Amino acid sequence: MSFLAFASSVGLLIRDLRDDGRIHRCPTVSKPRSDNGAYLFDGERGWAMDWQQGDGVQWWHDPHARPWTEQEKAAWKARQASAQRERQEQAIKAARQAREMVKAASMVIPTPETRHRGYRQAAEAIKAHPYLIAKGFPKEPGLVLRGELLIPMFYAVEYGQIIGLQRIAPDGSKLFLPGMRARGAVHRLGTGKAKEIWLCEGYATALSLREALRRLYRNADVMACFSAGNIEHVASLGIGTHVMADHDASGRGEEAAIRTGLPYTMPRRVGEDANDLHREAGIGAVIELVGKRI
């Protein structure tokens, strides 16, 4: 397998492969407009990773390549240390930017037209963000800044300070803040005191899952983890009691759910998540799904 084929299997989109032995960022299959991917290739050896998946570095080497020398190992360690410092600085900058954006955003709370003194008010009702409407939640409040829906992200273990953001455009396209700490970053729906904590990937899936759990009168919180790999990582931190997996064609969602060791469930149809099921078959189908955890 060539390095390009290997990187593609990890989920990277490398349009201009550089074999200079340095770390380079690149788009990914899941986020073609981002720089969520990273790789290093020196012509014989290298690694690749998708930051969003949270799976860590995946190593590759030509079986006929010469082994690493001690000098190369030392140089590699130095580059890794430098890259780590750079990532920490970027994460701090991204967290600061996220807090500033949340502070500048407006909380949009959809409200119906009301009656006053027997007359219907002429004031126009505030409408939800287009993404929330498209996902079946026209009454859901949301933070909106310059037309984008902002989903604040917090570290799962110390859920208190914002460390990043997911930005959702009116057309549904999504971006994370560049340089933010994605591993372990979640958005929680609930009080933080529930007996059950359901882990899932996307925000819309979390909304549908919350609605199903509410109708079942379950004492449960929902955590959107934003990727299958991050569900696995969050569970490894001792957080979570159940998983709602996406039914990916690749099987990645179910694979991650199984690796958590937690009871899990997912829609039967390939390519579907809980929100897709909600919109196509109604909330009753999601309620039934919650009761069929594996």
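Which residue in strand 14 does His187 stand opposite? In this predicted model, the residue opposite His187 is Ala224 of strand 14. The pairing to which the question refers is taken up again below, after a description of the whole protein.

The protein comprises 294 residues, 48% of which count as buried. Its secondary structure consists of eight helices and 16 strands. Taken along the principal axes, the box filled by the C-alpha atoms is roughly 85 × 40 × 35 Å. Among the contacts with a separation of 6 or more, 53% are made by residues 24 or more positions apart.

An open sheet is formed by four strands in the order 1-2-3-4, with antiparallel pairing. Strand 1 (23-26) and strand 4 (58-61) are the edge strands, each of which pairs on one side only. On average, and with direction ignored, neighbouring strands of this sheet are turned by 20° against each other. Strand 1 is joined by four bridges to strand 2 (residues 37-41), and the two run antiparallel. Within this pairing, His24 has Tyr39 of strand 2 as its bridge partner. Helix 1 (residues 3-10) lies across strand 2, strand 3 (45-50) and strand 4. The direction of helix 1 is at about 20° to strand 3.

Further along the chain, strand 12 (residues 185-189) pairs with two other strands, strand 9 and strand 14. Four of the five residues of strand 12 are buried, so this strand is largely enclosed by the rest of the structure. Strand 9 (residues 148-155) runs antiparallel to strand 12 and is joined to it by two bridges. In this pairing, Tyr155 has Ala185 of strand 12 as its bridge partner. Strand 14 (residues 220-224) also pairs with strand 12 in the antiparallel sense, here over three bridges. It is in this pairing that His187 stands opposite Ala224.

The interior was also examined for enclosed space. One cavity of 30 Å³ or more is found in a search of the whole structure. The largest cavity holds about 40 Å³ of space. Its lining is made up of Gln52, Met153, Phe176, Ala182, Ala185, Cys225, Phe226, Ser227 and Asn230. Six of these lining residues are nonpolar and three are polar, while no charged residue is present. Ala185 thus appears in two settings: as the bridge partner of Tyr155 and as one of the residues that line the largest cavity.

Conventions: Residues numbered from 1 in each chain as written. Predicted model: local features only at pLDDT ≥ 70, side-chain atom pairs only at ≥ 80, totals over all residues. Heavy atoms only, no water. Pairing = 2+ DSSP bridges. Axes fitted to C-alpha atoms, helices over the stretch in contact; angles between N-to-C directions. Contact = heavy atoms within 4.5 Å. 1 Å grid on protein atoms, 1.4 Å probe; cavity = no way out; pocket = protein on both sides within 12 Å on 5 of 7 lines; lining within 4 Å. Points joined across faces, edges and corners; volume = space filled by probe spheres on them. Nonpolar A, V, L, I, M, F, W, Y, C, P; charged D, E, K, R; others polar. Buried < 20%, exposed > 50% of the residue type's maximum accessible area, 1.4 Å probe, protein only.
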